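Here is a quick walk through one protein chain, written for someone who would rather look at a structure than read a methods section. Keep the viewer open and follow along.

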Amino acid sequence: MARVHPTAVVDPGAELADGVELGPCWVVGGDVEHGAGVRVGPHVVIVGRTVIGPRTRIFPFSVVGEAAQVEGPEGGGGLAIG
């Protein structure tokens, strides 16, 4: 059985395997699947068609499955510094 903090928001379509631990202020979309033993810290957002493998740990303030915040030069997907 998954352990879900009372402040977590979980779409009914999300799949949570046994042993999943979801921290406070967590948001998960309906197309997200979590493997057994996944641990997710506080203030994490996981959306889109995303599969999290077994025993993965996701640290606080992470966003997974969303569009990149920064795109490189000409949309190249990298970060240009300098």
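What follows goes from the overall fold to the sheets, the pocket, the core and a few single residues.

**The overall picture**

First, a caveat: this is a predicted model. The chain has 82 residues, and 26% of them count as buried. Its secondary structure comes to 11 strands and 0 helices, so reading from the N terminus you meet β-β-β-β-β-β-β-β-β-β-β. Contacts stay fairly local along the sequence: among those joining residues at least 6 apart, 0% link residues at least 24 apart.

**Two open sheets**

One open sheet has 4 strands in the order β1-β4-β7-β10, and the pairing is parallel. Its edge strands are β1 (3–4) and β10 (57–58), each of which pairs on one side only. Strand β7 (residues 39–40) pairs with β10 over 2 bridges, again in the parallel sense. If you want a spot to look at, Arg39 has Arg57 in β10 as its bridge partner.

Another open sheet of 4 strands runs β2-β5-β8-β11, with parallel pairing. Here β2 (9–10) and β11 (63–64) sit at the edges with a single partner strand each, so one side of each has no neighbour in the sheet. Strand β8 (residues 45–46) and β11 run parallel and are joined by 2 bridges. Within β11, Val64 is the residue that stands opposite Ile46.

**The largest pocket**

The largest pocket holds about 160 Å³ of space. Three elements give two or more residues to its lining: β4 (21–22), β7 and β10. The lining residues are Arg3, Glu21, Leu22, Gly23, Arg39, Val40, Gly41, Pro42, Arg57, Ile58, Phe59 and Pro60. By class, that makes 6 nonpolar, 2 polar and 4 charged residues. The Arg39 and Arg57 bridge partners mentioned above are both in this lining.

**The core**

Which residues touch the most other members of the largest nonpolar core? They are Trp26, Val40, Val44, Ile46 and Ile58, out of 13 residues in that core. In soluble globular proteins, nonpolar side chains tend to be buried together.

Val40 is a handy residue to click on, since it also appears in the pocket lining. Leaving out residues up to four places away in sequence, Val40 touches Glu21, Leu22, Gly23, Trp26, His34 and Ile58.

That brings us to His34, which lies in strand β6 (residues 32–34). Is His34 buried or exposed? His34 is buried, with a relative accessible area of 3%, well inside the under 20% cut-off for that label. Beyond its neighbours within four places in sequence, His34 is in contact with Glu15, Leu16, Ala17, Val20, Trp26, Val28, Val40, Ile46 and Ile52. Among these, Trp26, Val40 and Ile46 were named above for the core.

**Single residues to click on**

The table puts accessibility side by side for a handful of residues.

| Residue | Relative accessible area | Label |
|---|---|---|
| His34 | 3% | buried |
| Thr50 | 10% | buried |
| Gly19 | 33% | partly exposed |
| Phe61 | 64% | exposed |
| Arg55 | 70% | exposed |

Thr50 is in strand β9. Not counting residues up to four places away in sequence, Thr50 touches Asp31, Val32, Glu33, Val64 and Gly65. Val64 is also the residue opposite Ile46.

Gly19 sits in the loop between β3 (15–16) and β4. What does Gly19 touch, once residues up to four places away in sequence are set aside? The list is Met1, Ala2, Gly37 and Val38. Gly19 and Ala36 are 17 residues apart in sequence, yet their C-alpha atoms are 5.6 Å apart in space.

Finally, two loop residues have backbone angles worth a look. Most residues other than glycine have a negative phi. Arg55 is not a glycine, but its phi is positive, at about 60°. Arg55 is in the loop between β9 (50–52) and β10. Phe61 also has a positive phi, near 65°, and is found in the loop between β10 and β11.

Conventions: Residues are numbered from 1 along each chain as its sequence is written. This is a predicted model: local features need pLDDT of at least 70, side-chain atom pairs count only at pLDDT 80 or more; totals for chains, interfaces and linings use all residues. Side-chain values use heavy atoms; hydrogens and water are left out. Two strands pair if DSSP finds at least two bridges between them. On a 1 Å grid over the protein atoms alone, a cavity is a set of points where a 1.4 Å probe fits but cannot get out, and a pocket is an open set with protein on both sides within 12 Å along at least five of seven lines; lining residues have an atom within 4 Å of a point. Grid points are joined across faces, edges and corners, and a volume is the space filled by probe spheres set on the points. Ala, Val, Leu, Ile, Met, Phe, Trp, Tyr, Cys and Pro count as nonpolar, Asp, Glu, Lys and Arg as charged, and the others, Gly among them, as polar. A nonpolar core is a set of buried Ala, Val, Leu, Ile, Met, Phe, Trp, Tyr and Cys residues joined through side-chain atoms within 4.5 Å. Buried means under 20% relative accessible area, exposed over 50%, partly exposed in between (1.4 Å probe, protein chains only). Contact means heavy atoms within 4.5 Å.
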